[in-house]
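Hi,

Here is the structure I said I would pass on. Have a look at it first, and then read my notes underneath.

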Amino acid sequence: MKLQPAVKKETVHVTLGTGIVTVCMVVIFYLLHKVMPESVPAGYRVILAAICGWIIASLNFFLMAITVQKVTDMTDEKMARGRMTVSLRYRTIMQGIWIVLSIVLPCFNFVAGILPLFFPNFVIKFLAAREKRKNGSVATPSSKASDVSSDGNQSQEGKEVQT
């Protein structure tokens, strides 16, 4: 299977954005540690957990993007829904295992390990808002998925759909 350029591009954007937010989180940990050293930890545990959380969050997005790419090529809607459901289940299990490990293993700070799992959502919303402001348009709920061709380009009828 060959990755579509849109999958590569969005994965890079989300991974880099999540990494930037994760670095900001570590900086905030250290600043709070300077103010409240007994309440907020700092050290290798925070950094290690943040890196692992960032990797898990980025991997989750990448696996979701691959699944969506595969599903868009399927003609059977029932099979497509099934594949998406299985993907979601496995990705949720992966994140759940990471959460348990970050809590149980003493080499991780669990807060620094869990927070990066939420960052891709913020990054995606930020990128969408930036794109909306740049183009002056927004995808509407009434926009049809059929307005976007399989390679991610817009058709003439679906100009309001953002890819």
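Let's start with one residue: Thr67 sits in helix α2, which covers residues 44–72. (Helices, H or I and at least four residues, and strands, E and at least two, are DSSP runs, numbered from the N terminus.) Is Thr67 buried or exposed? Thr67 counts as buried because its relative accessibility is 10%; buried means under 20% relative accessible area, exposed means over 50%, and partly exposed is in between, using a 1.4 Å probe and protein chains only. Leaving out residues up to four places away in sequence, Thr67 touches Arg83, Met84 and Ser87, where contact means heavy atoms within 4.5 Å.

Before you go further, some ground rules. This is a predicted model, in which local features need pLDDT of at least 70 and side-chain atom pairs count only at pLDDT 80 or more, while totals for chains, interfaces and linings use all residues. Residues are numbered from 1 along each chain as its sequence is written, and side-chain values use heavy atoms, with hydrogens and water left out.

Now the overall picture. The chain has five helices and zero strands, so reading along the sequence gives you the pattern α-α-α-α-α. The chain has 163 residues, and 29% of them count as buried. If you take the contacts in the chain with a separation of 6 or more, 61% are between residues 24 or more positions apart.

Next, how do the helices pack? The axes of α1 and α2 come within 10 Å and cross at roughly 160°. (Axes are lines fitted to C-alpha atoms, for helices over the stretch in contact, and angles run from 0 to 180 degrees between N-to-C directions.) α1 and α2 are therefore roughly antiparallel; angles over 145 degrees get that label, while those under 35 count as roughly parallel, 65 to 115 as roughly perpendicular and the rest as oblique. The crossing of α1 past α2 is right-handed, meaning that the near helix is turned clockwise from the far one by less than a right angle (anticlockwise would be left-handed). On the α1 side, the residues that meet α2 include Val7, Glu10, Phe29 and Tyr30, and on the α2 side they include Tyr44, Trp54, Phe61 and Gln69. By class, this contact of α1 with α2 has 15 nonpolar residues, seven polar and one charged. Here Ala, Val, Leu, Ile, Met, Phe, Trp, Tyr, Cys and Pro count as nonpolar, Asp, Glu, Lys and Arg as charged, and the others, Gly among them, as polar.

Helix α1 (residues 5–35) also packs against helix α5 (residues 119–135), at an angle of about 115° and with the axes 9 Å apart. That crossing is right-handed too. His13, Val14, Gly17, Thr18, Val21, Thr22 and Met25 of α1 make the contact with Phe119, Pro120, Val123, Ile124 and Leu127 of α5. Sorted by class, there are eight nonpolar, four polar and no charged residues in the contact of α1 with α5.

How many salt bridges are there? The count comes to two, a salt bridge being a side-chain nitrogen of Lys or Arg within 4 Å of a carboxyl oxygen of Asp or Glu. One joins Arg81 and Glu77, with the closest N and O atoms 3.0 Å apart. Both of these residues lie in helix α3 (residues 77–104), four residues apart, which is about one turn of the helix, and both Arg81 and Glu77 are exposed. The other joins Lys134 and Glu131, at 4.0 Å from N to O. Lys134 and Glu131 are about one helical turn apart because they are three residues apart in helix α5. Lys134 is exposed, with a relative accessible area of 64%, whereas Glu131, at 28%, counts as partly exposed.

One last residue to find: Asn109, in the loop between α3 and α4. Asn109 is buried, with a relative accessible area of 8%. Asn109 and Arg45 are 64 residues apart along the chain, yet their C-alpha atoms are separated by 5.3 Å. Beyond its neighbours within four places in sequence, Asn109 is in contact with Phe29, Pro41, Arg45, Val46, Ala49 and Ser102.

Happy exploring!
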